[in-house]
Amino acid sequence: MSVKAFELVPAVERDLLMGDKARINIECIECCGKHLYMGTNDCFIHHFLLDEVTSSKGKLSYSAQKLLHKYLGLKKPVAELRAASALERLIVLCDGMVFLVDMVTLETVPSAAGGGAKIRGVTAFCINENPVNGDPFCVEMGVLSSKRRMVQIYMVYEDRVQLVKEVSTPEQPCAVSVDGYFLCLALATQYMILNYNTGASQDLFPYNSEGRRPIVKRIGREEFLLAAPGGLGMFANAEGVSQRAPVNWSESVIGAAVCFPYVVALDESFITIHSMLDQQLKQTLSFRDGHILQDFEGKVILASTKAVYVLVPLPLERQIQDLLASHRVEEALVLTEGAQQNIPKDKFQILHKRILQQAGFIQFGQLQFLEAKEYFRKGQLDVRELISLYPLLLPASSSFTRCHPPLHEFADLNHLAQGDQETVLRCKKFLITYLGEVRSTEAANGCREDVDTALLKLYAEQDHDSLLDLLASDNACLLADSVPWLEKYQKYFALGLLYRSNGQDSAALELWIRVADGDLQDSTRSDLYEYIVDFLCSSLDLVWKYADWALRKDPAMGVHIFTKRPAMKELPELNPDDVISYLGKHSQALLLYLEHLVLERRIQKEKVHTHLAVLYLEEVLSLLSQSPADEEQISRAREKLQSLLRESNLYRAPFLLGKMENCEQLLLERATLHGKLEEHDKALHILVHKLRDFPSAEAFCIWASSCRDSAYQQQLFHLLLGVYLDGNPPGKAQAAAGGGGDLEMAAVDLLNRHGEVFDAVRVLRVLPEGWSLQLLRPFLGRAIRASIHGCRTSQIALGLAHSENLQLLHDRLKDRKKPIFVSEKKGCHLCHNTFSEPDVVCLPGGVPVHTHCVAQRVRDSPTKRQLTNSSNHT
Amino acid sequence: MPEVSKMKKPDVKVVLLGDMNVGKTSLLHRYTERRFKDTISTVGGAFFLKQWGPYNISIWDTAGREQFHGLGSMYCRGAAAVILTYDVTNWQSLAELEERFLSLTDTANHDCIYALVGNKADLTDPKAQLSPDSDVASEECEESGCPTPPASPASLSGMTLHKQVTPEDAAALYGRILRYKGLEEKSSLPAEKLCFETSAKTGYNVDTLFEALFDLVLPCILRKRNENQESPTVDLEECRGTSNKRTRSACC
């Protein structure tokens with residue numbers, strides 16, 4: 001509980017008021033500016049001047065100076081005093097009478113009309129502080145009479161009072177308060193709201209007035225505070241609705257007032273102070289013989305029977321700081337936010353932010369990180385305040401100094417953790433997440449370098465995965481501060497990234513190369529070498545500097561620098577010639593690069609193709625010259641050479657042929673080259689006679705003619721057949737017997753397999769006489785079938801063409817001509833005989849005549865006329 | 001309760017009524033703070049401002065004690081919904097609703113919605129012992145010992161109490177409430193929609209209750225906002241809000 005929200009300060013001491021007269025009691029008070037009026041039980045009004053004195057220590061006290069006192073002459077206690085300062089009048093209730101006295105002289109004001117400025121039979125009255133009538137020189141007053149069930153509304157002028165309205169009530173009212181048109185009344189058994197203008201009433205709640213004084217206190221515009229059963233302070237507005245939760249007083253409250261955000265209540269021995277914001281009891285002050293509690297223009301004044309006190313609110317900030325000091329964060333914030341209406345907006349925002357930040361640090365100190373984060377966020381904390389708690393995290397160059405007065409009590413993290421490493425670790429983890437979230441938001445504006453550098457240090461220290469993400473993305477880490485830190489934790493790879501993001505690619509590479517070479521230890525990336533190669537792929541200037549290192553380390557991988565360059569606009573392509581000449585001393589890499597150029601990028605340059613072919617050839621030759629020869633390697637190397645020789649049309653074949661002229665092991669390659677040079681006879685000669693590789697010979701024919709027409713292919717196959725049939729080359733008699741048979745068999749196979757390519761007639765002409773029909777049966781069968789097939793196909797084609805022609809003629813006729821009718825009754829125009837057959841000839845103009853007549857006529861006519869139309873009609 | 005302090009103008013009011021010890025405060029706690037905790041007998045009343053989407057709904061928790069009975073009609077004044085709460089293990093608590101509390105609702109809006117809620121269902125109904133976030137809830141209960149609802153310790157020993165009020169009883173009362181209000185049963189919301197059995201202790205049905213009720217008062221909120229828009233009174237709070245927004249958008 002206990003917040004110190006108020007201080008009780010004596011205002012008028014007992015001596016000053018009554019000296020030694022023991023039986024004088026204070027009955028009522030009124031305060032108007034510095035003027036304090038007091039009514040006593042012996043019918044006096046006392047007038048004091050109350051001055052506020054602030055001591056050098058900031059302590060407030062009051063000095064009261066008695067100005068005047070005046071006996072009213074009624075011998076009854078002064079029950080009520082109200083100032084109407086605009087009229088310079090005090091409205092006095094004494095002995096059931098309301099009348100006016102002068103504020104300065106305290107003389108009773110004589111009525112203008114002669115003695116009429118009095119209202120008799122009054123039990124209570126109230127002043128309307130929010131009158132609907134706007135006249136500043138009159139005061140509206142609600143009056144309760146002793147015997148009548150009604151409320152009277154009077155207007156009080158300087159020298160008269162005027163009854164303006166009377167409203168009746170269901171029961172005798174005993175207390176009243178008014179705001180606008182709304183009267184809030186305590187009746188004998190209940191409270192009610194009554195609109196004196198319309199007469200509309202609204203019951204509030206029942207109340208037992210026996211033995212207890214009701215409280216009806218206006219606390220603001222159309223809002224009242226009422227003493228409710230069960231010791232409650234209830235709020236009610238003019239509509240009869242409670243908009244605030246009630247506060248829990250004691251049963252015997254005498255007076256109450258609101259001094260935002262507190263409700264102050266007085267009972268016999270205590271002043272209780274509740275917050276309207278959370279309904280909690282905040283402070284209790286002991287106060288004996290309490291008698292009156294009233295607020296005047298925001299000043300709460302209390303009186304016992306003998307003395308007067310002022311309840312001075314402590315400055316809001318102090319209250320809040322007190323709450324924070326006792327770690328009551330929620331309450332402090334409720335109080336701050338509740339005071340929003342009472343503080344200028346800009347000032348409130350500053351205060352509110354600061355309180356939120358302090359609250360955040362309190363939660364942080366208790367390791368309530370979630371809550372702390374929320375407060376920091378809401379309070380827009382300068383992140384560096386938090387970072388500065390952690391030793392060494394802020395860069396040396398940072399201009400940050402902690403805010404003053406400090407937001408928290410911690411010197412640094414070690415102070416906070418009291419040496420508990422577990423706590424330190426948790427705090428660090430929190431900062432990591434917090435900074436991670438904050439760095440991309442507005443909160444990091446203006447201190448991005450500090451934030452990112454701190455984050456980098458934390459990541460490095462905690463061996464956090466996100467270190468690389470941080471450095472690889474856009475960041476503001478300070479190089480000077482980060483380098484030693486990263487070196488300390490051996491984060492060389494990360495350091496390289498940092499160099500890179502600072503535009504020092506060269507430094508990054510130097511560092512990485514040292515790691516890759518094992519000079520420095522950093523296991524961040526096991527594939528650092530590949531990473532460097534990747535990096536070089538997309539760099540321009542550094543390629544030439546570090547390619548040598550990369551190629552020496554692993555030529556196959558290193559060559560990726562040149563072969564795997566991404567196609568980007570900002571990255572100009574390297575000139576292949578430069579690369580080739582650069583790679584001169586790295587033969588393996590050169591080979592790979594040329595392969596890349598030829599096979600992947602399909603560069604159409606004779607030089608490159610020839611170069612690659614030569615390199616392939618050299619490799620094959622060097623493998624062949626080794627002993628023992630590795631057959632597998634050789635065949636793989638030859639495979640590559642052969643495929644290049646076959647696929648490419650650009651290399652200089654004669655040059656290559658010259659290079660392998662003397663090599664009897666590369667016959668296949670030579671054959672291919674001969675094929676490229678269109679020296680098919682030589683090629684086939686090699687294949688058939690030297691290699692005796694008939695399938696290859698066949699394959700050669702197919703390959704060499706692959707992009708040519710069928711005649712060229714036929715010619716090649718005939719050539720091959722010729723080579724087979726020509727028999728043995730001279731000078732090899734020994735092999736003739738067996739070899740000749742082989743060749744013949746190859747020829748037969750060739751014919752039987754590729755019969756369709758050959759011109760059968762030419763084949764039959766060259767075949768030896770002695771071959772059996774059976775041997776060539778498949779070939780011949782296919783040839784005959786093909787021939788017959790061809791014959792029939794052409795017949796069909798002919799027939800189809802014919803019918804198409806007929807069809808077209810028919811269509812044409814239909815389009816051009818009407819039908820021509822021929823009947824037995826019609827006569828031929830030439831011979832004038834009738835028609836007996838449907839076959840007629842039409843002369844131009846659609847005239848039908850006998851066929852024989854026309855023939856006759858054509859024969860007879862000197863000029864041979866063409867018949868344009870001939871058709872059958874039925 | 002920092003939410004309260006912001007003093008936003010509530011759009012609509014919901015009031016919890018019912019005899020003492022039926023668990024009104026616990027229901028509200030369960031809904032607003034997602035947990036069940038010890039409560040002391042409510043003095044006078046308390047209220048909570050719930051931010052429900054773009055709307056502010058004030059929920060009033062009233063005191064069930066006879067002593068504060070007179071205040072009830074004040075709380076109910078202008079209410080858009082009243083939650084009449086009883087204890088399923090206590091027949092009298094249902095009877096009290098009809099005898100004492102129903103008349104308090106005379107001051108509520110003419111189209112006020114009445115919900116009948118039988119709390120402490122966990123004591124009689126095994127399915128109410130399982131809650132959406134049950135593990136936390138049960139732990140807490142064992143720690144706290146739950147002094148307020150006197151019947152609660154029974155459930156700790158795994159025993160179920162005799163259920164004194166059935167849903168049919170509640171539905172019948174709902175019908176009588178409609179009659180009391182002079183409402184046609186056919187044109188009003190059916191009893192199935194407005195009779196709930198809940199457990200503030202386990203959280204069973206609590207969210208369902210409040211969310212369903214908020215959905216039902218939505219037309220009331222919209223109508224009220226509409227009226228406010230038409231009224232010539234200038235809401236300074238609102239103006240400040242909008243002008244803020246404007247300046248903000250202007251500088252972007």
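Okay, so let's start where chain A meets chain B: 23 residues of chain A are in contact with 19 residues of chain B. Keep in mind that this is a predicted model.

Which elements of chain A give two or more residues to the side that touches chain B? Those are β17, residues 201-206, then β20, residues 232-237, and helix α3. The largest share comes from α3 of chain A, with five residues. As for the kinds of residue on that side of chain A, we have 14 nonpolar, six polar and three charged.

Let's stay with α3 for a moment. This helix of chain A covers residues 329-338, and nine of its ten residues are buried, so the rest of the structure largely encloses it. If you want to find some of them on the screen, the buried ones include A:V329, A:E331, A:L333, A:L335 and A:G338.

Now, over to another part of chain A, with two helices. In general, you describe two packed helices by the angle between their axes and the distance between the axes. Here the pair is α19, residues 587-600, and α20, residues 606-625, and their axes come within 10 Å and cross at roughly 135 degrees. That angle is why we call α19(A) oblique to α20(A). The crossing of the two is left-handed.

And who is touching whom? From α19(A) we have A:L591, A:L594, A:E595, A:L597 and A:V598, and they meet A:V608, A:H609, A:H611, A:L612 and A:L615 of α20(A). Sort the residues of that contact and you get seven nonpolar, two polar and one charged.

Methods: Residues are numbered from 1 along each chain as its sequence is written. Chains are lettered from A and ligands numbered from 1 in the order in which they are written. This is a predicted model: local features need pLDDT of at least 70, side-chain atom pairs count only at pLDDT 80 or more; totals for chains, interfaces and linings use all residues. Axes are lines fitted to C-alpha atoms, for helices over the stretch in contact, and angles run from 0 to 180 degrees between N-to-C directions. Helices (H or I, at least four residues) and strands (E, at least two) are DSSP runs, numbered from the N terminus. Angles under 35 degrees count as roughly parallel, over 145 as roughly antiparallel, 65 to 115 as roughly perpendicular and the rest as oblique. A crossing is left-handed if the near helix is turned anticlockwise from the far one by less than a right angle, and right-handed if clockwise. Two residues are in contact if their C-beta atoms, placed from the backbone, lie within 7 Å. Ala, Val, Leu, Ile, Met, Phe, Trp, Tyr, Cys and Pro count as nonpolar, Asp, Glu, Lys and Arg as charged, and the others, Gly among them, as polar. A residue is buried if 20 or more other C-beta atoms lie within 10 Å of its own, exposed if 12 or fewer, and partly exposed in between; C-beta atoms are placed from the backbone.
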